[in-house]
Amino acid sequence: MNKIQLLILLLISIVAGNSQAAVKIEHWQTNAGSRVYFVENHDLPMLDVNVAFPAGSARNTPSNAGLAGVTLHMMNLGAGGMNEEDITNAFADIGAEKGGALDVDQASLSLRTLTSEQDQALAIFNKILHQPDFPQAVLNREKTRIIAGIQEAQTQPDSIANNAFMHALYGAHPYSLPEAGEVETINAITREDLQQFYQQYYTAKSAVIALIGDMTQAQARAIADKISAGLPQTPAIGPIPTVSLPTAANEQKIDHPASQAHILLGYPGIKRGDADYFPLYVGNYILGGGGFVSRLTEEVREKRGLVYSVYSYFMPMAELGPFQIGLQTKKEQANEALTVVNDTLADFIKNGVTEAELKAAKSNITGGFPMRLDSNRKILSYIAMIGFYQLPLTYLDDFNQQVNQVTAAQIQDAFNRRIHSNHFVSVIVGAE
Amino acid sequence: MFKSALLVLFLASPAMALAATQAQEFQLDNGLKLIVKEDHRSPVVVSQVWYQTGALDEVNGKTGVAHLLEHMMFKGTKAVPAGQFSREIAAAGGKENAFTGMDYTCYFQQLEKSHLPLAFRLEADRMANLVITEEAFAKEIQVVMEERRWRTEDKPQSKVNEQFQAMAYHAHPYGRPVVGFMNDLENMTAADAQEWYQHWYAPNNATVVVVGDIKAAEVLALAKQYFGPLKPKALPARKPQVEPVQMGTRRAVVKAPGKLPYLVIGFHTPTIQSKRSLQNNHAKSGQPTVKDWEPYALDVLAGVLSGNASARLNQSLVRERAIAVEVGAGYDSASRGQLSLFELVGTPSEGKTVQELELALLAEIEQIKQHGVTQAELNRVKAAVIAADVYERDSMFYQGMKIGQMATMGYDWRLSQTYPEQLKAITSKQVQAVAQQYLTEDNMTVATLAPQALDPDAKPAGKPHMH
């Protein structure tokens, strides 16, 4: 065992000591003002494009919650005179895959295509980005579908818990708004709302274009220019308001007939690029992020058999994203499980981590670095993130070093300063 | 759905030819199979150990034991005590987990490439030396019951699917849930887990699949070093199991808390014939002969119905007629049990009933029975397969999954390579023929969800799982 550990450490230091760049990221700005991030890779005859806008659900208000999501969704359902059927068929004819994602900060559209089909794939992709038609009949139908989904979600314990948690955690801040919207707010959305939201937030100046795959830099420049030039040439988007921290504990119990209680606990956590990011990230690996080897899993699952899953994570966002602990357990033992979680967290914050735990955490995080970058899809998501949050281009190159520099004292200090467990938000759906 | 094909060599570019090499298969003297696919795009390796055992091999009263044993496999051996397996993998920067299905149980690690020996050492150890204590079992069975509550008890659609499978298969083990019935979990013992381990965990019942930045010859040498010394076992006889031919529509309703109804319709269909079933073909009494192209035609049919958002079901029932808020079709062309269900699923729109949606779905099938499908529709299904051929190679894990699944289901994993060609050869007439033959009223099973309004003041009626 000791010999093996030594060998592992030697190998890790070789990997970590490698001064070669992890990924060669090219970065530039288009004439229309979009930031571009590009990784050239000719291993597979395909390419991926992701275009992100600061058009997430936090751009909405309580009276138009869901507008960001409906806008993104509707962009695919009619553009440049092509109807929804034509658009999907045109992608399907060439095996191209169109994707999209929404969170509180951003809305993004993505495309994966064979190199041989890229011209046609990009032509349709650009229509969606540049000329969404937002057809009225389609909007009416989709509103009905979205409302049906919201009503169903309102009966399911995991969705009930998530919505209540975000609401209690963020109060009046727009991070509290449900991404899907509410029945009343979806009902009220008009075609003009979509057009206006698109014009205001899908701007060339705020767009972040990430590309990876089988293309030269010259080709990537041409693709990015074309994407950028056709977007609304409206002003760049301002920041999201800052988050106020809770000043008192807030516990909510919500009845539900499910056999398990769904429990969420947390506090506003960190921003992208936060000075405390690495101590909190490494510390959380030890607390509840490290799969089968975390303290929460050990205490709640391994020692006591109380849950199938218990976890904690930081979700860094443009402003303070949530620090969240979650678990599900049969309702008769919810209080017992919750006590174990609270005790584990209290001990963690009070006494910090051991040197052995810290060493094991660093060993896993740095040793696992190659797996963060072992596919085009993963690299694309990193460069899109680096671009959107304007992290240093050396973020990936510096990652292991940043992790290795974290000390036990820094972890304890950061958790004590940032995570005030006496002001926690907790939500229990299906409590006894 | 079985999407396919691994290997297209792009000889135009030397870099691409290097990136994609043929997988190689070996067998050790103790019967262990090893399949290695070199992929040099990143300095990482995926190691998967596939056992040819799953819920398919379980008997009544002990459902869920395959999955329970998968959990127990993390509970330690004499040489590697409880928790150490995960700690060693974590210390090497690795990710690990396991999953159990009807047909197989798979354990995997993803590691920086130099750590493959660690994965092999630990997997070989627990293949032969697992220790199951009463104490560890007592805790883990509670964990598994929580998993069942989370996956099935509190998820209305999962409950419908469980009922649906049980109704579609009266005799065959595919009618039972992988996670097990709650009653069986409550009555399971450490001895049941031990028995399962003794029966099925042996090198001659395992396939090791490795994908990554490694040399096949070196992986073979490592496999001989770590797995080579393990002794093979006499495996229990696997009796042929067939599902009696269905003689009429079967129906069930499931009530659960929720807002939206849900509908599943299934038809018994054949799969691609495995090596074993081709040998045993005459042993199956009363089963109709399957033509080689039929499973491919069924796969094309699923693609034409719901391969993309403009495919027939979504275009017609969601977009044009707004009968449904969600629809889909699915079919698995491969399984170890050599049985499959062609499924249609959907959620009716507000104001529409599951009966209306059922009729509308069946009317779409009738259209194809009468008129076939268009060339443009066939071309789209083929385009998806050709593109998937390339896209899949972006994920080493997925490449390993496909090889391991096929091998463990009893197929030659090279079948993946001919899959696109087989699919491309399918005609409209053949799609029409399988729809006519298999998607019939007498061969149909229908399960629906009747959602029950949530009353926040009501306490749950009865507590069926009190301890």
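In this predicted model, chain A holds an open sheet of 6 strands with mixed pairing, in the order β1-β2-β8-β3-β7-β6. Its edge strands are β1 (26-29) and β6 (97-102) of chain A, each paired on one side only. Neighbouring strands of this sheet are turned against each other by 15 degrees on average, with direction ignored.

Take one pairing inside this sheet. Strand β3 (residues 46-53) of chain A runs antiparallel to strand β8 (residues 208-213) of chain A, and 6 bridges join the two. Which residue of β8(A) is the bridge partner of V51(A)? That partner is I209(A).

Helices lie across these strands. Helix α2 (residues 67-75) of chain A lies across β6 and β7 (107-114) of chain A. Its direction makes about 175 degrees with β6(A). Helix α9 (residues 217-229) of chain A lies across β1, β2 (35-40), β3 and β8 of chain A. Relative to β8(A), helix α9(A) runs at about 150 degrees.

**Two domains in chain A**

The domain assignment splits chain A into domain 1 (3-11 + 22-229) and domain 2 (250-429). The C-alpha centres of the two domains of chain A lie 27 Å apart. Across the boundary, 27 residues of domain 1 of chain A are in contact with 29 residues of domain 2 of chain A. On the domain 1 side, β2, β3, α6 (157-170) and β8 of chain A each give two or more residues. The largest share of that side, 8 residues, comes from α6(A). By class, the domain 1 side divides into 18 nonpolar, 5 polar and 4 charged residues.

**The second sheet**

Chain A has another open sheet, of 5 strands, in the order β9-β13-β10-β12-β11 and with mixed pairing. β9 (250-254) and β11 (310-314) of chain A each have a single partner strand, so one side of each is left without a neighbour in the sheet. From one strand to the next, the twist averages 10 degrees.

β9(A) runs parallel to strand β13 (residues 425-429) of chain A, with 5 bridges between them. Within this pair, Q252(A) has V427(A) as its bridge partner in β13(A). Helix α10 (residues 277-289) of chain A packs on the sheet and touches β11 and β12 (322-330) of chain A. The direction of α10(A) makes about 170 degrees with that of β11(A). Helix α12 (residues 334-351) of chain A lies across β10 (260-268), β12 and β13 of chain A. Relative to β12(A), helix α12(A) runs at about 145 degrees.

**Helix on helix**

Two packed helices are described by the angle between their axes and the distance between the axes. Two such pairs in chain A are set out below.

| Helix pair | Angle | Axes |
|---|---|---|
| α13 (residues 355-367) and α16 (residues 395-405) of chain A | about 180 degrees | 10 Å apart |
| α10 and α17 (residues 408-418) of chain A | roughly 100 degrees | within 9 Å |

The angle of about 180 degrees makes α13(A) roughly antiparallel to α16(A). From α13(A), K362(A), I365(A) and T366(A) meet N400(A), V403(A) and N404(A) of α16(A). The residues of this contact are 2 nonpolar, 3 polar and 1 charged.

How do α10(A) and α17(A) stand to each other, roughly perpendicular or roughly parallel? Their axes cross at roughly 100 degrees, and the two helices are therefore roughly perpendicular. P279(A), L280(A), V282(A) and G283(A) of α10(A) meet a set of residues in α17(A). That set is Q410(A), I411(A), A414(A), F415(A) and R418(A). By class, this contact has 6 nonpolar, 2 polar and 1 charged residues.

**Chain B against chain A**

Between the chains, 60 residues of chain B are in contact with 56 residues of chain A. On the chain B side, α1 (14-19), α3 (84-91), β5 (105-112), α5 (134-153), α12 (312-320) and α14 (375-391) of chain B each supply at least two residues. The largest share of this side, 9 residues, comes from α5(B). The chain B side has 28 nonpolar, 15 polar and 17 charged residues.

**Confidence**

The mean pLDDT of chain A is 94, and 95% of its residues reach 70 or more. Over residues 1-19 of chain A, pLDDT stays under 50. For that stretch of chain A, the model has 13 contacts beyond four places in sequence.

Key. Residues are numbered from 1 along each chain as its sequence is written. Chains are lettered from A and ligands numbered from 1 in the order in which they are written. This is a predicted model: local features need pLDDT of at least 70, side-chain atom pairs count only at pLDDT 80 or more; totals for chains, interfaces and linings use all residues. Two residues are in contact if their C-beta atoms, placed from the backbone, lie within 7 Å. Helices (H or I, at least four residues) and strands (E, at least two) are DSSP runs, numbered from the N terminus. Ala, Val, Leu, Ile, Met, Phe, Trp, Tyr, Cys and Pro count as nonpolar, Asp, Glu, Lys and Arg as charged, and the others, Gly among them, as polar. Two strands pair if DSSP finds at least two bridges between them. Axes are lines fitted to C-alpha atoms, for helices over the stretch in contact, and angles run from 0 to 180 degrees between N-to-C directions. pLDDT is the predictor's confidence in each residue, from 0 to 100. Angles under 35 degrees count as roughly parallel, over 145 as roughly antiparallel, 65 to 115 as roughly perpendicular and the rest as oblique. Domain bounds come from an automatic or database domain assignment.
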